[in-house]
Amino acid sequence: MDDLRLMQKRDRLCRQIADHLDFLAGSISSKGLKWEAYNLTTKRDGVTTSRHIPKDLVPLVRRMTGRHKKLKALLKELEEVNWQLLRRGLELCDHGTL
């Protein structure tokens, strides 16, 4: 891939990342068997924490945790493109980010 295509890919990835910044990290779990109730479970500093999710917000939280998964994949792809550009001697600071 030539330098121009790599820069275009990088710009596209940056835009996609910006579109996925309304995210939540973690997974949704149900709280019990008697009543329908949900938690958002995450790890913070090695400690598992859970936050109650109101039932009407579960669909939104599902979308937001899905965005987190997509964001992680986009960041991994961007890291690879940045590495390729760096190896070619291109200065990323010339493109407004460093």
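In what order do the three strands of the open sheet stand, and is their pairing parallel or antiparallel? In this predicted model, the open sheet follows the order β1-β2-β3, and its strands pair in the antiparallel sense. Strands of a sheet pair through backbone hydrogen bonds, which may run either parallel or antiparallel.

Because β1 and β3 stand at the edges, each with a single partner strand, one side of each is left without a neighbour in the sheet. From one strand to the next, the twist averages 35°. The pairing of β1 with β2 is antiparallel and extends over four bridges, and Ser29 stands opposite Asn39, a residue of β2.

The elements discussed here have the following residue ranges.

| Element | Residues |
|---|---|
| β1 | 27-30 |
| β2 | 38-44 |
| β3 | 47-53 |
| α1 | 3-19 |
| α2 | 58-87 |

Helix α2 packs on the sheet, where it touches β1, β2 and β3, and its direction makes about 30° with that of β2. The helix has 30 residues and reaches 44 Å from its first C-alpha to its last, which is close to the 44 Å expected at 1.5 Å a residue.

Which residues of α2 are buried? They are Val58, Val61, Met64, Thr65, His68, Leu71, Leu74, Leu78, Val81 and Leu85. An α-helix has 3.6 residues a turn, so residues three or four places apart point the same way. What covers the buried residues of α2 includes α1 as well as the strands β1, β2 and β3. Just after α2, Gly89 takes a positive phi of about 85°.

How values were computed: Residues numbered from 1 in each chain as written. Predicted model: local features only at pLDDT ≥ 70, side-chain atom pairs only at ≥ 80, totals over all residues. Heavy atoms only, no water. Pairing = 2+ DSSP bridges. Helix = DSSP H or I, 4+ residues; strand = E, 2+ residues; numbered from the N terminus. Axes fitted to C-alpha atoms, helices over the stretch in contact; angles between N-to-C directions. Contact = heavy atoms within 4.5 Å. Expected span 1.5 Å × (residues − 1). Buried < 20%, exposed > 50% of the residue type's maximum accessible area, 1.4 Å probe, protein only.
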